[in-house]
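Please read the following explanation with the sequence and the structure side by side. It proceeds from the whole chain to a single sheet, and from there to the contact with the neighbouring chain.

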Amino acid sequence: MSPRLGTTVYSFTRDFHGRTASFEDLVRRVAENGLGPGLEVVGFQSFRNWPNITEGQVRRFRRLVDETGLTPSCMGANSDAALRRDRMLTPDELVEYMEAQIVAARRLGFPTVRVQYSVTPDDMERLLPIAERENVALGIEIHCHHSPRHPVMQALLERYEKLGSPLLGFIPDWGTSMRRVPPSLLSTYRKRGVAEEVLSRVEELWNRLHADGPVLDDRLMGEQFGMFMRLADEMGAGEAGNMLAVSAVGLFGHADPADWAIVAPWTVHMHGKFYDIDAEGDEPAVPIRDILRVFVESGYHGFISSEWEGWHWNTESDPVEMIAAHHRLEKRLLADLSRP
Amino acid sequence: MFPERVIADGTLRAEPGAVSVEIRLPWYRALPLSSVSAVDVTLNGTPIAADDLELTVNDVPYLLSELPARHDVWWYVTDSARLRIPAASVEDEHTLSVSVALLIPYLPVEGAPLSIVERCTKTLEVAA
């Protein structure tokens with residue numbers, strides 16, 4: 001068994017936010033262009049009043065799934081621990097907040113729910129009976145700045161091993177283990193007039209941090225963000241500096257792809273995050289071969305949602321073409337890697 | 001994200017003693033009003049006091065000071081909110097600068113949510 005491919009509708013955020021395509025349009029676009037079979041959505045993006053959805057919304061979505069032949073793969077829930085301004089949610093409140101989304105995901109037909117890092121091992125343990133009742137798997141997303149060796153993920157792993165349930169696991173986001181700053185980011189800011197020297201120093205700084213590996217102590221996050229901001233400020237990059245810093249620290253992770261082996265046996269779904277496809281059909285910034293090798297070896301056969309996030313800065317590429325190219329690359333690598 | 005969309009094109013209207021304009025949530029998903037931590041506005045280069053602004057979301061007007069407590073009201077990602085800005089005189093066109101600051105509720109770092117600020121400046125004609 002091989003991993004199954006798919007797409008997250010999040011890849012089309014520029015069109016959806018720009019109101020040039022409805023959610024239904026985008027689901028059909030995924031199906032018509034052969035970007036399934038897996039279909040992932042973000043609840044708070046795709047469904048008005050999420051997670052308090054009506055039976056009408058449920059029926060309409062299920063009809064769309066039937067019409068397109070796609071397979072719901074994962075519901076992106078959000079763990080909004082900082083929902084309130086006056087304080088963080090209590091564990092009771094956060095568990096209840098997640099329960100509502102798990103129930104809504106099951107009603108829509110999703111077998112897996114993406115959960116985020118504010119959910120602690122204790123919270124996860126309390127969510128397990130709910131996952132069992134609803135028969136959905138819960139996966140904590142491992143997204144930059146986290147990584148498999150981060151203490152938050154290690155604590156979850158330890159609890160998963162204790163509980164031993166197939167319904168609790170991880171959702172690796174491939175942007176956690178990158179190898180360079182995406183060339184399209186640099187070329188976009190070059191075109192917008194950011195000096196070449198600024199761009200090469202941003203790249204140098206990212207490469208220097210990359211050599212040290214992923215952040216395992218969250219106190220370093222502010223420090224790293226400050227390093228990029230100071231660099232951009234010193235060089236007069238203006239408002240582009242903030243975007244460069246947020247991306248460099250929050251999107252482009254430094255983990256060793258081999259570290260995915262730590263969580264591979266507990267992986268319930270994956271985000272095939274990518275930014276660029278080069279002339280050879282490869283992803284220059286995300287070492288997809290190295291990542292896939294780990295999961296082929298672990299026998300992973302769940303879904304990989306292609307998640308194109310170049311839309312933050314890249315307004316020229318068509319997400320359909322990007323994801324189609326990503327699927328071609330994944331198929332080629334999976335064929336290579338599964339050869340005896 | 002999408003700073004250029006914060007002020008929605010073609011939406012400037014004249015109102016008695018004010019102009020109003022549609023603004024967009026510069027984020028990819030619905031957020032509660034408690035996530036909107038600041039809306040800073042200048043009209044023709046003059047800063048407008050936050051107390052004088054009104055933001056209408058889901059057809060209900062709010063003072064900015066009312067937003068922090070409203071974690072029960074959601075601003076859906078594809079909806080516009082209408083921002084009312086007091087204006088001594090209404091001209092044919094106005095230059096507006098609006099920045100929206102958001103606290104991202106699922107991204108607490110060291111106990112405080114990540115803060116995102118998106119600024120947009122446009123010169124718009126008052127729609128007929």
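A strand, written β, is here a run of at least two residues that DSSP assigns as E, and strands are numbered from the N terminus. With this definition, chain B of this predicted model reads along its sequence as β-β-β-β-β-β-β-β-β-β-β. Chain B thus contains 11 strands and zero helices.

The overall dimensions of chain B come next. Its C-alpha trace spans about 45 × 25 × 25 Å along the principal axes. The radius of gyration of chain B is 14 Å, which agrees with the value near 14 Å that a compact globule would have, because the chain has 128 residues. Of these 128 residues, 33% are buried. Among the contacts in chain B with a separation of 6 or more, 72% join residues that are 24 or more positions apart.

How are the strands of one sheet arranged? Strands of a sheet pair through backbone hydrogen bonds, and the pairing is either parallel or antiparallel. In chain B, an open sheet of four strands follows the order β5-β4-β10-β11, and its pairing is antiparallel. Its edge strands are β5 (46-48) and β11 (112-125), each of which pairs on one side only. On average, neighbouring strands of this sheet are turned by 20 degrees against each other, direction ignored.

Two pairings within this sheet may be followed residue by residue. Strand β4 (residues 36-43) of chain B is joined to strand β10 (residues 93-109) of chain B by seven bridges. Here B:Ala38 stands opposite B:Ala101 of β10(B), and B:Val39 has B:Val100 in β10(B) as its bridge partner. The antiparallel pairing of β4(B) with β5(B) extends over three bridges. In this pairing, B:Leu43 has B:Thr46 in β5(B) as its bridge partner. The hairpin of β4(B) and β5(B) has two residues between the strands, and in this hairpin B:Asn44 takes a positive phi near 50 degrees.

The same sheet leads to the neighbouring chain. Which residues of chain B are in contact with chain A, and how many are there? In total, 20 residues of chain B are in contact with 24 residues of chain A. On the side of chain B that touches chain A, β10 and β11 of chain B each supply at least two residues. Strand β10(B) gives the most to this side, with five residues. By residue type, the side of chain B that touches chain A divides into 14 nonpolar, three polar and three charged residues.

Technical notes: Residues are numbered from 1 along each chain as its sequence is written. Chains are lettered from A and ligands numbered from 1 in the order in which they are written. This is a predicted model: local features need pLDDT of at least 70, side-chain atom pairs count only at pLDDT 80 or more; totals for chains, interfaces and linings use all residues. Two strands pair if DSSP finds at least two bridges between them. Axes are lines fitted to C-alpha atoms, for helices over the stretch in contact, and angles run from 0 to 180 degrees between N-to-C directions. Two residues are in contact if their C-beta atoms, placed from the backbone, lie within 7 Å. Ala, Val, Leu, Ile, Met, Phe, Trp, Tyr, Cys and Pro count as nonpolar, Asp, Glu, Lys and Arg as charged, and the others, Gly among them, as polar. The radius of gyration is taken over C-alpha atoms; the globule rule is 2.2 Å times the number of residues to the power 0.38. A residue is buried if 20 or more other C-beta atoms lie within 10 Å of its own, exposed if 12 or fewer, and partly exposed in between; C-beta atoms are placed from the backbone.
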